[in-house]
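Colleague: I'd like to learn how to read a model like this one. Could you walk me through it, feature by feature?

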Amino acid sequence: MAKQMKHQQSQCCYHNWMAQQRLDLDELVQALNNYPTDLDYLQLITSKVVYHFENYSTARAQLAKHDATSFFAPSWGSTFENSFLWIGGCRPSLTIRLVYALCGSQLNAHLDEFLEGVRHGNLGEISSSQLKSIDNLHAKSVKEEDKLTSHLASLQESMADEPLVLLANDNGSPGDRSQGEVVDKLRMNIFKSMIDILTPLQAVEFLVASKKLHLSLHEWSQRRDLRMGITQLLNPNQPSSSSDHPPPSI
């Protein structure tokens, strides 16, 4: 009964987070469209979004100590999403790879204006010093990811055929149970460091793109599972759907 309650708490935490992301996205888009030059307001909105993410990460890490299964392989995640999980979530370096992609995309979209000397201050206009900081952050992220991956691999070997989720359950050592907290802290640190590197406008652009990507990918992959009948196997009460269009590009 206690485990089921913890599982329900983890699921509720996730659904609340998804709902918060939709609210944050609406506010970010409004700020980007209506106040692109109001730096104080953009910073205020960005700080709110970071605060929400930090609260979610803290709550999730605490729940992971008692509900490792939901952390490493959440039942509410789609098969597509779960196939890309790295220690209970995405790799921190994906944050940086998204910024790289957005920089190139925006530069190409406004290349003619850029060559004519027109400047918008967006992600397509990352400075050389910013790019150097982003490259250093990427190297740091990859190094920390490799360290965590190696650590968990060695723990798995020591546990022979025991499933990975046992690394964080109540039978493990205190160090094992804290893995969720360690990896979520890394994700949070990389995310906040990226925000600090970007200008207020660039930070809002990045947050809009990342939330659109996350939400659209989640919704598309859920519809995909419904079409394939996977969701019915896991949850017979879930209605079926035949829509299976890929998420829109950012």
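**Reading the model**

Modeller: Let's start with the empty space: Q106, L107, H110, E113, F114, V118, H120, N122, G124 and E125 line the largest cavity. Bear in mind that this is a predicted model.

Colleague: How do you find such a space, and how many cavities of 30 Å³ or more are there?

Modeller: The general idea is that rolling a probe the size of a water molecule over the atoms shows where empty space is left. Here the count is one cavity of 30 Å³ or more, and the largest cavity holds about 50 Å³.

Colleague: Which helices supply at least two residues each to its lining, and how many of the lining residues are nonpolar, polar or charged?

Modeller: Helix 5 (93–109) and helix 6 (111–115) each give at least two. The lining has three nonpolar, five polar and two charged residues.

Colleague: What about the overall fold: how many helices and strands does the chain have?

Modeller: Eleven helices and zero strands. For the packing, look at sequence separation: among contacts between residues at least 6 apart, 73% join residues at least 24 apart. Buried residues make up 38% of the 250 in the chain.

Colleague: And which residues touch the most other members of the largest nonpolar core?

Modeller: I87, F191, M194 and F206 do, in a core of 50 residues. Helix 1 (2–34), helix 2 (39–64), helix 3 (68–72), helix 5, helix 7 (128–158), helix 9 (179–197) and helix 10 (200–228) each give two or more residues to this core. Take M194 as an example: leaving out residues up to four places away in sequence, M194 touches T95, I96, V99, I134, L137 and F206.

Colleague: I87 has a phi near 50°. How should I read that sign?

Modeller: Most residues other than glycine have a negative phi. I87 has a positive value and isn't glycine; this residue is found in the loop between helix 4 (79–83) and helix 5.

Colleague: Why does I87 count as buried?

Modeller: Because its relative accessibility is 11%, and the cut-off for buried is under 20%.

Colleague: Last one: where is the predictor's confidence lowest and highest among the elements?

Modeller: Start from the average: the chain has a mean pLDDT of 84, and 82% of the residues score at least 70. Among the elements, helix 8 (residues 174–177) has the lowest mean, 47, and helix 2 the highest, 95. Over residues 170–176 the pLDDT is below 50, and the model gives this stretch seven contacts beyond near neighbours in sequence. Residues 236–243 also stay under 50, with twelve contacts beyond four places in sequence.

Terms used
Residues numbered from 1 in each chain as written. Predicted model: local features only at pLDDT ≥ 70, side-chain atom pairs only at ≥ 80, totals over all residues. Heavy atoms only, no water. 1 Å grid on protein atoms, 1.4 Å probe; cavity = no way out; pocket = protein on both sides within 12 Å on 5 of 7 lines; lining within 4 Å. Points joined across faces, edges and corners; volume = space filled by probe spheres on them. Helix = DSSP H or I, 4+ residues; strand = E, 2+ residues; numbered from the N terminus. Nonpolar A, V, L, I, M, F, W, Y, C, P; charged D, E, K, R; others polar. Core = buried A, V, L, I, M, F, W, Y, C linked by side-chain atoms within 4.5 Å. Buried < 20%, exposed > 50% of the residue type's maximum accessible area, 1.4 Å probe, protein only. Contact = heavy atoms within 4.5 Å. pLDDT = per-residue confidence, 0-100.
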